[in-house]
Structure formats: C-alpha cells, structure tokens
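Please open the model in a viewer and follow the selections below in order. Each stop names what to select and then describes what is found there.

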Amino acid sequence: MADPIILDESIITPRPLDETFAYISEFNSIEQWDPAVASAEKLSQGATGIGTEFRITMRGGAVLHYTVEEFEANKRVLMSVKARLFSAEEEIRFAEQKSGTEVRYIAKFNFPGSVAKISKAFPWVLDRVGKATMKGMQHALDNNRPAPQPSRLLATADKLLVPGIWRFTSLGFKEAKRRWQPDSAYLGGKHAVITGATSGIGEAAATALAARGAKITLVARNQKKAMAVASDIIRETGNPDVTIEVADLSLMSEVHALSVRLLASGQPIDMLINNAGALFNPRQETSEGFEKSFALLLLGPYILTESLYPALKKSDDARVVNVLSGGMYAAKIKPSDLHYKRGEYSGSRAYARAKRGLMIATENWAERWRGDGITVNAMHPGWADTPGVQDALPAFYKITKRLLRSPGQGADTAVWLAAAAEAAKASGKFWLDREQHPSHLRASTRESSSERQQLFSELEKLMQNTRPATPKRKATQKKPVASTARLSA
Ligand SMILES: NC(=O)c1ccc[n+]([C@@H]2O[C@H](COP(=O)([O-])OP(=O)(O)OC[C@H]3O[C@@H](n4cnc5c(N)ncnc54)[C@H](OP(=O)(O)O)[C@@H]3O)[C@@H](O)[C@H]2O)c1
C-alpha cells in the first residue's frame, strides 16, 4: 500500500461550539454540505457515538461506509471509511474561538497502488474536493439567509392540473429538494408540541425534531399508542426528552383541558405543529354537537393555538405550523354553515372547507402576533403514504400508491418551518416542499372581509362557550384527571 494522501482543511464559523458540533457530528448532514454527496443515511439507532454507522452515496454512485471510531463531545469525531476503491480515516476537530468555532477536517486516504499513483499525479483534484467540502460546510452553518421568496413560475404551474398534481408526489419532492438550502438550525433546549403524533406525518415530524435534540410533547388521543410511539422515538433518536399528552382533539372540553395542562407546566412552546386530522364519511357529530371535520380540523386547532398564546409568547422564536392540504384549493369557507348542515354532505368538501378555515386563521395569527416574535405558517405535505390516506381514500391510495411520498417526506416542510432559521422570516404563508405557494388558485375561493369577520366571531364564540367554568373556591376544586404521561427512557 502506498503512503496515505492527506487532506487538512479548516474553517471558522460564527456559530457556537455546541451548535456546530451537533450539526456536523450528526454526519448524515454531509448531504447538505458536501457537493459530491448525493444522499446520506444514519444506519444506527440512538445518539451518535462510538460505533455509529453512516452510509454515504456519492453523486457518481460510489457508496462509502462510515463508522465512528472515537467520539469526544464538542471536541472531535474520528471515523473509518470503507469504499470499493479505497479506505480512509477522517477526523473532524472542533475548537472554540473568540469569533465562533473552528472546524478542522483531516482525512487520510489509502488508495491501492495504481489509484494512488493517479491521485498523486493530480494532487489538485483532491485539494479541490476538500476545499469545496469546507466551503459547503461554511455555507451550511450560515443561518442568516433570507426566507425563500414566492416564484411566479411555481404559482403558474400550480394552476395547471398536471404540474400542480405532479408536485404532490414523491417525484415532485425529489425535484424540489434540488433547490433547497441547508438547514443547520440548532434545536437543543427547544420545546415542540405536535398533535396527531401517533402515526404518519405527525410521527415522522416528531421523530425528526427529536433527532435534532428538541424536547418533544406528543399529543394523542390513544395513550397506549402514544407510549409505544414515544418509546420508538426515544430508541431511534437517543433523545429521552419525549412526553405524551392525551386528548381527543375533536372534543373542545379536552382541547381546553390540554391547553390548561400545557400552560400549567410553565414551559415555553417554541414549536406547535397542528397536524392531527382525518376525513369523515358520512357526516358525524361529536358528543358536543359539532360536525367532526369542523371540530377536529378547525375549531380544535383554533382553540388550542389561541389558548397556548402565553406559552408561545414566552419563546424568543415561536413557530406555529398548521398542516393543511391541497384539497383546500377547491374550497371556500362557509362561515354561516360551519357545521355543514346545509346541502349534501361530502367528507372531502367538509375537510377542504375546514383546512381553508385554518389557512384564514393562519393569516390572521401571523398578522396579530407579528410583534410578539411568533410566526404562523401553513403547509401542504403533498401526498404521503400514511394510515390516514390508506383508510380514508382506499381507491385513491390504490391508484397513487407507487407515487406517494414517505411520511418523512410529507413531514419535511413542517419540520423545516418549525426549525430552519430562514423560515422564521416568513409568516402567514402557505408552503409545499419549503417553497411558498399561493393560498388560492381561483378568485371564487376567496372570502370577503365580512366572511372573515363572521368566521372569527363564530370561532371566538364557540371558544368562549366551550371553555369550562373556572371553579370559584379552591376548597371545592375537583382533582383533575391525570392525562399527562411521562415516559422513562
Ligand atoms: N397523507 C397525506 O397525503 C396528506 C395530504 C394532505 C394533508 N394531510 C394532512 O396531514 C395530517 C396528518 O395526516 P396523516 O396522513 O399523517 O394521517 P394519519 O396517519 O391518519 O395521522 C393522523 C393523526 O391524527 C390523529 N388524530 C385523528 N383524530 C384525532 C382526534 N380526534 N384527536 C387526536 N388525534 C387525532 C391520529 O391519531 P390515531 O393514531 O389515534 O388515529 C393520528 O395520529 C392531517 O392533518 C391531514 O389532513 C395528509
């Protein structure tokens, strides 16, 4: 074996040491900062440490297998690399500086004889690769980019049936991904509340945020299911900070009780993802007398978000993310018939109207809370393969199955809106695949300002009417039913 070829490059980033270490040592982030890498995957479960393995696929198709051999938090990571044509040892060192953090990348490549000769004859090739990698890392750690602006081309494509629909598939996701900027936001110490976290998009969003170090509160109606999901997230991410809250979000008594518990904990809420959802056919009413789509998809998230305002305000960078649907494009809000009592009921129409209502609420909160440092955005997950789609739309599922996104791809924009630094610079917008899209495609779905007012006065009235009476004297106060469950790792 010839002498190893050594690459030694460094950068200084203004980011603090712990943030820099957290981002780079979670080595699958290399996909965001090394231009030669096509995709990266963490193969091991749990927190990164000695023995953690990553599979890196290069743009040329070569597959590299990384294993963490030595790991010192906030100091260094040493990895062995195995590929078909070479082996290597890569060390990343981190050091605190007055102006931020120095990251030094030292790689020792062992090529077999003939390849080593070629590499030695053209040293500038490897040098260039090393410099491009470090430049990418520097760029990825820069979290001072502006928010992505709406594109006229995207808005026009949305109006055309085929390009509009194609975007919702996994192919649309992959195409959009090529335009993304890296997201190196640090979530350590941040608190995320995610509704509908026991399956599909909500579970994927909770897992992604937990993997990045956030403290997670999973809101679910089924305690047993929630505990199983929480254990899975803890095992997969190595983040023990996962708590569950049990509430049926179609019942306003439970939504109010949930918000009382969350406020009573005294914790700020940095991220609230209103994701719980379902499509109801035929028309159903809750035990409180509300049409179920309206209750679960609009009134519930409205009351929860309004009530959690004090906890959101406590955060210095609070984000509310409402999970909507492209179905909203076909609907106009009907504030005089929120419970869908008039006309022939259709589950898809009721669903779309409620999502439209939550889009209007998104714009309203964004406006009202602009001065409070709270951003409120809405997103469309695209079409993702989740139990919700399989159960509610079996015929659609059968036809589109092969084109559907994974739940993680469906959750990606919600996670990005909750986490990314540039996402905090936009509010009241509608997003798909980290890009702004219009909230209406046709003038006929636009509500008038009096319809808006009517909607908000109705929501406000229902919020007040469903609020439980505050007990007058402490002595007569009933012991609350424990609905908060803590998990041990
Ligand atoms: N998948 C897609 O293609 C797609 C497309 C557009 C929009 N969306 C939206 O994405 C969100 C997530 O949907 P999904 O596809 O991930 O569906 P999913 O797999 O069925 O997940 C829905 C989640 O909501 C919870 N939920 C339902 N009713 C609830 C209630 N009354 N109280 C509390 N939680 C309740 C479910 O709990 P259980 O586990 O107990 O059932 C589950 O955790 C929904 O808002 C949906 O409208 C999805």
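**A tour from the ligand to the helix packing**

Begin with the ligand in this predicted model: helix H8 (200-211) and helix H14 (387-392) each contribute at least two residues to the shell around it. Display the whole shell next; 29 residues surround the ligand, and the closest are Gly 196, Gly 200, Gly 277, Thr 386 and Gly 388. Coloured by class, the shell shows 13 nonpolar, 13 polar and three charged residues.

Now zoom out to the full protein. Its secondary structure comprises 17 helices and 16 strands. The radius of gyration is 25 Å, close to the 23 Å given by the globule rule for 489 residues, so the protein is as compact as a globular protein of that length. Along the principal axes, the C-alpha atoms fill a box of roughly 80 × 60 × 40 Å.

The remaining stops concern helix packing. Two packed helices are described by the angle between their axes and the distance between the axes.

Select helix H11 (residues 292-307) together with helix H10 (residues 252-264); their axes come within 9 Å and cross at roughly 20°. An angle under 35 degrees counts as roughly parallel, and H10 and H11 are therefore roughly parallel to each other. Their crossing is right-handed. For the side chains, select Met 252, Val 255, His 256, Leu 258 and Ser 259 in H10, which meet Leu 299, Gly 300, Ile 303, Leu 304 and Ser 307 in H11. This contact of H10 with H11 consists of six nonpolar, four polar and no charged residues.

Keep H11 and add helix H13 (residues 347-368): here the axes come within 7 Å and cross at roughly 15°. H11 and H13 are therefore roughly parallel to each other, and H11 passes H13 in a right-handed crossing. On the H11 side, the residues to select include Phe 294, Leu 297, Leu 298 and Pro 301; their counterparts in H13 include Ala 350, Tyr 351, Ala 354 and Trp 365. By class, the contact of H11 with H13 divides into 11 nonpolar, three polar and one charged.

Finally, replace H13 with helix H17 (residues 449-466), which packs against H11 at an angle of about 75°, with the axes 10 Å apart. H11 and H17 are therefore roughly perpendicular to each other. Leu 299, Tyr 302, Ile 303 and Glu 306 of H11 make this contact with Leu 459, Leu 462 and Met 463 of H17. The residues there are six nonpolar, no polar and one charged.

Technical notes: Residues are numbered from 1 along each chain as its sequence is written. This is a predicted model: local features need pLDDT of at least 70, side-chain atom pairs count only at pLDDT 80 or more; totals for chains, interfaces and linings use all residues. Axes are lines fitted to C-alpha atoms, for helices over the stretch in contact, and angles run from 0 to 180 degrees between N-to-C directions. Helices (H or I, at least four residues) and strands (E, at least two) are DSSP runs, numbered from the N terminus. Angles under 35 degrees count as roughly parallel, over 145 as roughly antiparallel, 65 to 115 as roughly perpendicular and the rest as oblique. A crossing is left-handed if the near helix is turned anticlockwise from the far one by less than a right angle, and right-handed if clockwise. Two residues are in contact if their C-beta atoms, placed from the backbone, lie within 7 Å. Ala, Val, Leu, Ile, Met, Phe, Trp, Tyr, Cys and Pro count as nonpolar, Asp, Glu, Lys and Arg as charged, and the others, Gly among them, as polar. A residue is near a molecule or strand if its C-beta atom, placed from the backbone, lies within 6 Å of it. The radius of gyration is taken over C-alpha atoms; the globule rule is 2.2 Å times the number of residues to the power 0.38.
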